[in-house]
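Open the model in your viewer and keep the sequence panel beside it. The stops below can be selected one after another.

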Amino acid sequence: MTDEKRYLSEAVNRIKPSGIRKFFDLASSMDNIISLGVGEPDYTTPWNIREASISSLERGFTSYTANAGLTELREGIAKYLDRHFNVDYDPENEVIVTSGASEAIDLAMRATVNPGDEVLVVEPSFVSYAPLVSLIGGTPVPIPTSIENGFKVTTQAIREKITDRTKGILLCFPNNPTGTVMNAGEMEEVAAVIQEHDLVVFSDEIYAEMTYDAPHVCVPALSGMRERTILISGFSKAFAMTGWRLGYVAAPEHIAAGMLKIHQYAMMCASTMAQYGAIEALENGREEMLEMVESYRQRRNYFVTALKEVGLDCHTPGGAFYAFPSIRSTGLSSEEFAEKLLFAERVAVVPGNVFGEGGEGHIRCSYAASLEQLEEAVERIGRFIKSL
Ligand code: PLP
């Protein structure tokens, strides 16, 4: 072990820094870049949400809130989940407001996974899942998906990875990085296997509002799933609030109580001014949110077609704001493609391998950019492919 590493824990030494940040940092030091790299809305948070937060400061609401979050916000979250996703949670005991969905994922893992437990991670996946499982001594077990079946997870793939140490499964639909959604029938089949093996489900539904072709399928709303599911979500994507750091978990009371013990010691409570903004987002933010979602849909329709026209095989993402085209036809690895594209044409994308096994041979492009930028990006990508 090198000298500097000896003060760090084994768990920290085991995990690697996020591959997304590496590319983002490289791109931000260059001029004339079109960035399709970072997964965040290109909108500023709607004004009424910002104003509600400003107003809370003006009124002097600057103290801690209850550990689980403001009662009014928890009630708003429970009502929102019930109205739009048909799941019923008690705001008093089953909802915790967190510092982003990121903290929510960490809480869910730490409250349920023991060292030595295996957690199934449907891959390609959001970059934080596997490292967070590793940090608590669990073993992330990838379940591969591929472009051939639109990156959907199959019951067979799950069954192949279940052992007597499997504790839970991480699901994320609509998915980052593939944009894949699962329909109700497909999800019910997966749910049956999960119930058969009595697994805990970590369902990251942060892109729930961003579905373009079919309504969102909320995992705890499926028969037999609520009792075993920790629902993870937040305000970052749908309401364009990434910098506010506000998310939540909803889970059966005994699991929520376990997560609250960690949250109260590690975080105390989420940011108070952000919580006031979030109350407004839930009460009066739907119309503007739906307009943003509609614009992502239009950009998806343009971007995916345009990528195909310049020669990249791309499945049509049903949700989120990512396209995940295959770059296998170029003969380059994901890293080579992303790096060469960045230096040759100044377009920043994320190499697919940073999202786990099935991601190699792909790149992730966020289409939460203006249509003009997307057009320019496609032109540059096309020119780059021709030059190979
Ligand atoms: N989950 C998924 C699938 C994501 O893509 C992201 C952000 O990119 C997060 C969670 C983190 O969201 P938050 O900003 O609420 O921490």
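Helices here are DSSP runs of H or I with at least four residues, numbered from the N terminus. The model is a predicted one.

**Stop 1: helix α4 and a negative patch**

Select residues 71–85, which make up helix α4, and pick out Glu75 within this helix. Glu75 has a relative accessibility of 39% and therefore counts as partly exposed, since that class lies between the 20% limit for buried and the 50% limit for exposed. Now add Glu72, Glu92 and Glu283 to the selection: together with Glu75, these residues form a negative patch on the surface.

**Stop 2: Asn86, in the loop after α4**

Move on to Asn86, in the loop that runs between α4 and β2, the strand of residues 95–98. What is the sign of phi at Asn86? Phi is positive, about 60 degrees, although Asn86 is not a glycine. Asn86 counts as exposed because its relative accessibility is 61%.

**Stop 3: Phe151, in the loop between β4 and α7**

Select Phe151, which sits in the loop between β4 (139–144) and α7 (155–161). Phe151 is another non-glycine residue with a positive phi, again about 60 degrees. Is Phe151 buried or exposed? With a relative accessible area of 1%, Phe151 is buried.

**Stop 4: from Lys152 across to helix α8**

Lys152 lies in that loop between β4 and α7. Show its side chain together with that of Glu186: Lys152 and Glu186 form a salt bridge, and their closest N and O atoms are 3.0 Å apart. This pair links distant parts of the chain, with Glu186 in helix α8 and the two residues 34 apart in sequence. Glu186 is partly exposed because its relative accessibility is 25%. Lys152 is also partly exposed, at 25%.

**Stop 5: two cis peptide bonds before α8**

Go to the loop between β5 (166–171) and α8 (184–196), where Pro174 is found. Zoom in on the bond between Phe173 and Pro174: this peptide bond is cis, with omega about -5 degrees. Next, select Pro177, which is placed in the loop between β5 and α8. The peptide bond leading from Asn176 to Pro177 is cis as well, and its omega is near 20 degrees.

**Stop 6: a salt-bridge network**

Select Asp198, Glu227 and Arg228 and show their side chains; salt bridges link these residues in a network. Within the network, Glu227 and Arg228 meet in a salt bridge with an N to O distance of 4.0 Å. How is each of these partners classed, buried or exposed? Glu227 is exposed, with a relative accessible area of 53%, whereas Arg228 is buried, at 11%.

**Stop 7: a salt bridge within helix α11**

Select residues 286–309, helix α11, then Arg297 and Glu294 within this helix. Arg297 forms a salt bridge with Glu294, and the closest N and O atoms are 2.8 Å apart. Because Arg297 and Glu294 are three residues apart in the helix, about one helical turn separates them. Arg297 is partly exposed at 25% relative accessibility, and Glu294 is partly exposed at 31%. For the wider picture, a search of the whole structure finds 13 salt bridges.

**Stop 8: a three-stranded sheet**

Switch to a cartoon view and find β9, β12 and β11: these three strands form an open sheet in the order β9-β12-β11, with antiparallel pairing. Which strands are at the edges? The edge strands are β9 (322–323) and β11 (350–351), each of which pairs on one side only. Strand β12 covers residues 363–366 and pairs with β11 in the antiparallel sense over two bridges. To see where these strands meet, select Pro351 and Ile363: Pro351 stands opposite Ile363, which belongs to β12. In general, the strands of a sheet pair through backbone hydrogen bonds.

**Stop 9: a nonpolar patch**

Finish by turning on the surface and selecting Leu8, Val12 and Leu135, which make a nonpolar surface patch of about 230 Å². Val12 belongs to helix α1, residues 10–14. With a relative accessible area of 38%, Val12 is partly exposed.

How values were computed. Residues are numbered from 1 along each chain as its sequence is written. This is a predicted model: local features need pLDDT of at least 70, side-chain atom pairs count only at pLDDT 80 or more; totals for chains, interfaces and linings use all residues. Side-chain values use heavy atoms; hydrogens and water are left out. Patches are made of residues with over 30% relative accessible area and no salt bridge: like charges are joined within 9 Å, nonpolar side chains (Val, Leu, Ile, Met, Phe, Trp, Tyr) within 5 Å. Accessible areas come from the Shrake-Rupley method with a 1.4 Å probe; for residues, only the protein chains shown count as cover. Lys and Arg count as positive and Asp and Glu as negative; His and the chain ends are not counted. The place of a charge is taken as NZ of Lys, CZ of Arg, CG of Asp or CD of Glu. Buried means under 20% relative accessible area, exposed over 50%, partly exposed in between (1.4 Å probe, protein chains only). Two strands pair if DSSP finds at least two bridges between them.
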